[in-house]
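Here are a few exercises to work through with the model open beside you. Try each one before reading its solution.

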Amino acid sequence: MTILRTVVKRIYKIHSTSPLRCLTSLSGLSPLRECDFIVGSTWELVQRLRTEAEVRTGFISEEEECALMQELEPGLRKKRYEFDHWDDAIHGYRETERVRWGSVCEEVLSRVRSVAFPEGSPLLGPVHVLDLDKAGYIKPHIDSVKFCGSTIAGLSLLSDSVMRLVKQDASNEWLDLLLPRRSLYILRDQARYDFTHEILKDEESVFHGKRVPRQRRISVICRNLPF
């Protein structure tokens, strides 16, 4: 079941006058602080949303990523990438939902739930798995309030990427989140309800003036139920 709903928005473009540098792999960079993975239209906006838009780097290990892929790949391989979506929110994707997991993956998902959601918050049962082709991307949208509550949490597998948030009624207010491979992003409250979010195309995948090459990307997404 797809629970995304498109919000038609003018996409705010970030223009940089400095030459782009290419990040071929974030694993080769010097250690960065978590705050180095979020930039925005103003420092005040970054500070205001710092507890509502989070990036937790290195949230899973290589071994845990492999365990997730071993469970997901056989089913995904049977599906074709689709380049149109019922509500035009995603381009170049295939998806599935999963309820049962092996022990390693279940432990990973338990960690996600413990850090992302309020204690006792009822969660959406199936975990949503979204597989983006290298040429795929997610357009600006806000998840439907019919199916999703105050929090969205997603693991990023196989590739680095850039997520952009743009305020619904003020497109000059934006955040860019650098999502390294094996990281966890969390969107809560205002960042979830008042900002569209998208995953940038490979050719537009730039963070703070640096090129972030996009490969095939799988996100494993948990959500809580509406109150």
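**Exercise 1.** Which residues are linked with Glu73 in a network of salt bridges?

*Solution.* Keep in mind that this is a predicted model. Start at Glu73, whose side chain meets that of Arg216 in a salt bridge, 2.8 Å from N to O. This pair links distant parts of the chain, with Glu73 in helix H2 and Arg216 in the loop between strand E13 (210–211) and strand E14 (217–223), 143 residues apart. Then widen the view: Glu73, Arg94, Asp131 and Arg216 are linked in the network. Finally, check the surroundings of Glu73, which has a relative accessibility of 18% and therefore counts as buried, since the cut-off is under 20%.

**Exercise 2.** Find the salt bridge that Glu65 forms, and work out which parts of the chain this pair ties together.

*Solution.* Step one is the partner: Glu65 pairs with Arg181, and their closest N and O atoms are 2.8 Å apart. Step two is location: Glu65 sits in helix H2 (residues 62–77) and Arg181 in the loop between strand E9 (170–179) and strand E10 (184–188), so the bridge ties together parts that are 116 residues apart in sequence. Step three is accessibility: Glu65 is buried at 4% relative accessible area, whereas Arg181, at 35%, is partly exposed. For context, the structure holds 17 salt bridges.

**Exercise 3.** Are Asp176 and Arg164 buried or exposed, and how far apart are the closest N and O atoms of their salt bridge?

*Solution.* Take the distance to begin with: the closest N and O atoms are 2.9 Å apart. Next, place the partners: Asp176 belongs to strand E9 and Arg164 to strand E8 (residues 161–167), 12 residues apart. Both Asp176 and Arg164 are buried.

**Exercise 4.** Which residues have the most contacts inside the largest nonpolar core?

*Solution.* The core has 34 residues, and those with the most contacts inside it are Met163, Leu165, Leu175 and Leu177. Strand E9 gives the most to this core, with five residues. Now look around Met163: leaving aside residues up to four places away in sequence, its contacts include Leu175, Leu177, Tyr185 and Ile199. A second, separate core has 24 residues, among them Ile60, Leu68, Ile186 and Ile218.

**Exercise 5.** Where is Ser144, and what lies 3.1 Å from a polar atom of its side chain?

*Solution.* Ser144 is found in the loop between strand E6 (127–143) and strand E7 (151–157). Its relative accessible area is 8%, so Ser144 is buried. The atom 3.1 Å away is the backbone nitrogen of Lys146.

Technical notes
Residues are numbered from 1 along each chain as its sequence is written. This is a predicted model: local features need pLDDT of at least 70, side-chain atom pairs count only at pLDDT 80 or more; totals for chains, interfaces and linings use all residues. Side-chain values use heavy atoms; hydrogens and water are left out. A salt bridge is a side-chain nitrogen of Lys or Arg within 4 Å of a carboxyl oxygen of Asp or Glu. Helices (H or I, at least four residues) and strands (E, at least two) are DSSP runs, numbered from the N terminus. Buried means under 20% relative accessible area, exposed over 50%, partly exposed in between (1.4 Å probe, protein chains only). A polar contact is a pair of N or O atoms within 3.5 Å; within protein, one must be able to donate a hydrogen and the other to accept it, and residues adjacent in sequence count only if both atoms are side-chain atoms. A nonpolar core is a set of buried Ala, Val, Leu, Ile, Met, Phe, Trp, Tyr and Cys residues joined through side-chain atoms within 4.5 Å. Contact means heavy atoms within 4.5 Å.
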